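Thanks for coming. I will walk through one model today, mainly its sheets and its cysteines. Please look at the sequence and the structure first.

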Amino acid sequence: MNLETIAIHAGNKVDEATKAVVQPLILSSTFERSNGEYPGGYIYSRADNPNRKSLERVLALLEGGEDACAFATGNAAGMSVFQALAPGSHIICPDDMYHGLRNQLKILFKGILTFDFIDFTDLSLIESTINDSTKLIWAETPSNPLLKLADIAAIAEICKKYQLIFAVDNTFATPICQQPLTLGAHLVMHSTTKYLNGHSDVTGGVIITKNKDEFWEKIRTVQGFGGATPSPFDCYLITRGIKTLPYRMRGHVENAVKLAVYLESHPAVEAVFYPGLASHPQHNLAKKQMLSYSGMLSFTLKGGEKAAFDLINGLKIFTQATSLGGVESLIEHRYAVEGPDTKTPKNLLRVSVGLEHIDDLIADLAQNLDHLNS
């Protein structure tokens, strides 16, 4: 099936009792036994739930994987991979890794795992950073918030050479815009809070595996025993959001391309970071490994940090808020969120381009950008 059909049907199950076309929400925390057995296939909602099973099924199929583990947040999903590693394992991560996961490693796994944060645009540096304890390479592409790309196929070859696990955070791209498992990755991570849900009203995360191997069973064990699982209602909402994902992403991408072109032409803008622009230093890689360019972009202003705050404080349609991937456009000063150890410039603004009419979005920015440039 094509992605549009998978998105609509793979996460849905017609109710056997009522024949309801949409799978009902099953809130029960526990399930009936019969002679010590569980005839319905479910024991306890932390271990499994019909709505979670449906969500995991559609996510696995969208990414071309064999299985998926859903979690209550994206951070919990990412952490399950780190928890599945043996103590003393070494991880190689991008130097602009999402700060939530970066801080997990630096704070929660300090003394348990070792890690290096390096420039993933340099393949020779990735290979030279591998040591005898290295077990995992964690990529994030496009990265947050600098929209840097990692060459998934090339890094997959390095992982194959050294027998390493390769995980890719695909949150910015979604399976509609990029499919890392087909390029050689072993695991894919998403914050399902973002584009997959698409309506800014639920948090969640997922890890998807190409194959159900021994390491995958460790992640599944972390999910079950750790208990950081999404509620049935969260699963229901995310599964519902996924049904429109392919069509929503087309709108996000179309708007993002037009907005990036506009911003690049404005004299108050210093630089625009968007893989769909020919000026992006890795545009050719984007054309090679991405199906489309997603709805995320960032840009820097010539007037510095003050100009960045002046701009976002004057906007009417864009909402100044954290997160991304909803139907509404969001804009954020990322340095203020990530802290002093970030590589994010102080004059950078990150934009989650929504599904409003592009003329309205451009007009909102234009009024404020023109004022900065006057």
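Which residue of β3 does Ile91 stand opposite? The partner is Phe115. Before I place that pair, a word on what you are looking at. This is a predicted model, where local features need pLDDT of at least 70 and side-chain atom pairs count only at pLDDT 80 or more, while totals for chains, interfaces and linings use all residues. Residues are numbered from 1 along each chain as its sequence is written, and side-chain values use heavy atoms, with hydrogens and water left out.

Now the sheet that holds the pair. 7 strands make an open sheet with mixed pairing, in the order β1-β7-β6-β5-β4-β2-β3. Strands here are DSSP runs of E, at least two residues, and helices are runs of H or I, at least four residues, numbered from the N terminus. Two strands pair if DSSP finds at least two bridges between them. The edges are β1 and β3 (114-118); each has a single partner strand, so one side of each lacks a neighbour in the sheet. On average, neighbouring strands are turned by 20° against each other, direction ignored.

At the β3 edge, strand β2 (residues 90-94) runs parallel to β3, joined by 5 bridges. At the other edge, β1 and strand β7 (residues 205-209) are antiparallel, also with 5 bridges. Ala70 has Val206 as its bridge partner in β7.

Is β1 enclosed or open? 5 of the 5 residues of β1 (residues 67-71) are buried, so the strand is largely enclosed by the rest of the structure. Buried means under 20% relative accessible area, exposed over 50%, and partly exposed in between, with a 1.4 Å probe and protein chains only. Asp67, Cys69 and Phe71 point one way from β1, and Ala68 and Ala70 the other.

Helix α3 (residues 74-84) lies across β1, β2, β4 (134-140), β6 (187-190) and β7, at about 40° to β7. For such angles, axes are lines fitted to C-alpha atoms, for helices over the stretch in contact (heavy atoms within 4.5 Å). The angles run from 0 to 180 degrees between N-to-C directions.

Last, the cysteines. How many disulfides does the structure hold? There are 0, a disulfide being a pair of cysteine sulfur atoms within 2.5 Å. For Cys235, the closest cysteine sulfur is in Cys69, 12 Å away, which is too far for a bond. Cys235 is buried, at 0% relative accessible area. Cys177 also counts as buried, at 0% relative accessibility.
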